[in-house]
Amino acid sequence: MDSTPAAAAASLSSRRVLVTGGLGALGRAVGNLLAERGARVVLLDRAPTHSLPGMAGVLGDVDLGDQAATAAALEQACSLLGGLDSLVNVAGGFRWETLEGGSVESWDALYGMNLRSAVVASRAALPYLLAAAPAAIVNVGALAANKAALGMGAYAASKAGVARLTEALAEELKDRGVRVNAVLPSILDTPANRADMPDADFARWVHPQTLATVIAFLLSDDAQAVTGACIPVAGRV
């Protein structure tokens, strides 16, 4: 089998991909890499719309907690792409706080940002993905879902929900041509994380481009036998 970069690019040349959370550091890295490998990509985000080179479209001001707004955005994305066969659920958020010093509202907020967003986007995308099968969904979970550290309870619980969503949806769709997998990164090397942890060894973290390559693999034909997997991408954390 040809394992050259050109072969990898060819494996995504017919893909039509929607990336939620597409204007964040990871979302942009995923969108750029997939576009470089030949996919047509639409980025969707809650931030205001602005054009980005190489993308088939950018849809902003979309609340992924709102089912009607998300359904309308999916319809628009599919119009831009001519259909949909790949969904990458990057949208999410993070808060560090202890249970004693924090608030119950933080648990609700992180559920909404991390789990509900993936549920709503996946549900809205399903008719298009099933029509285009074989198709694939990749969710972005977190390594913290496997073991929560101090102050990470709400975040880890919401990301554990993403992992369980991945497994259950993979079982639901495995005989209908849609694969569902997740990546579980540790700490991403983003400007925001560097600002929050200035004394850390950034070289131990996972670069967004590196995580994007794992996501690209899971969307590709090379991963056609993989579904229901939650893949740790820990770097050296």
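This passage describes the fold, the surface, the nonpolar cores and two local backbone features of a predicted model.

The chain contains 7 helices and 7 strands. Followed along the sequence, these elements are arranged as α-β-α-β-β-α-β-α-β-α-β-α-α-β. The radius of gyration is 17 Å, close to the 18 Å that the globule rule gives for 237 residues, so the chain is as compact as a globular protein of that length. The C-alpha trace spans about 50 × 40 × 35 Å along its principal axes. Contacts also reach far along the sequence: of those between residues at least 6 apart, 67% join residues at least 24 apart.

Turning to burial and surface, 46% of the 237 residues are buried. The accessible surface of the chain comes to about 11100 Å², and carbon and sulfur atoms account for 55% of that area. As for charge, the chain carries 18 positive and 22 negative charges, and the mean positions of the two sets are 3 Å apart.

In soluble globular proteins, nonpolar side chains tend to be buried together. Here, the largest nonpolar core has 30 residues, and the residues with the most contacts inside this core are Leu18, Leu84, Leu129, Ile137, Val178 and Val180. Two or more residues each come from strand 2 (40–44), helix 3, helix 4, strand 5, helix 5 (153–173) and strand 6 (178–185). Helix 4 gives the most to this core, with 7 residues. Apart from this core lies another, of 29 residues, with Leu12, Leu26, Leu43 and Val138 among them.

Leu84 offers a good view into the largest core, being one of the residues with the most contacts inside it. Leaving aside residues up to four places away in sequence, Leu84 touches Arg16, Val17 and Leu18, together with Leu74, Cys78, Ala125, Tyr128, Leu129 and Ala132. Two of these partners, Leu18 and Leu129, are themselves listed with Leu84 among the residues with the most contacts in the core.

Two features of the backbone deserve a closer look. The peptide bond from Ala133 to Pro134 is cis, with omega near 10 degrees. Pro134 sits in the loop between helix 4 (104–132) and strand 5 (135–140), and both of these elements contribute to the largest core. The other feature is at Asp61, whose phi is near 60 degrees, a positive value in a residue other than glycine. Asp61 belongs to the loop between strand 3 (57–59) and helix 3 (67–81). With a relative accessibility of 57%, Asp61 counts as exposed, because the cut-off for exposed residues is over 50%.

How values were computed: Residues are numbered from 1 along each chain as its sequence is written. This is a predicted model: local features need pLDDT of at least 70, side-chain atom pairs count only at pLDDT 80 or more; totals for chains, interfaces and linings use all residues. Side-chain values use heavy atoms; hydrogens and water are left out. Helices (H or I, at least four residues) and strands (E, at least two) are DSSP runs, numbered from the N terminus. The radius of gyration is taken over C-alpha atoms; the globule rule is 2.2 Å times the number of residues to the power 0.38. Buried means under 20% relative accessible area, exposed over 50%, partly exposed in between (1.4 Å probe, protein chains only). Contact means heavy atoms within 4.5 Å. Accessible areas come from the Shrake-Rupley method with a 1.4 Å probe; for residues, only the protein chains shown count as cover. Lys and Arg count as positive and Asp and Glu as negative; His and the chain ends are not counted. The place of a charge is taken as NZ of Lys, CZ of Arg, CG of Asp or CD of Glu. A nonpolar core is a set of buried Ala, Val, Leu, Ile, Met, Phe, Trp, Tyr and Cys residues joined through side-chain atoms within 4.5 Å.
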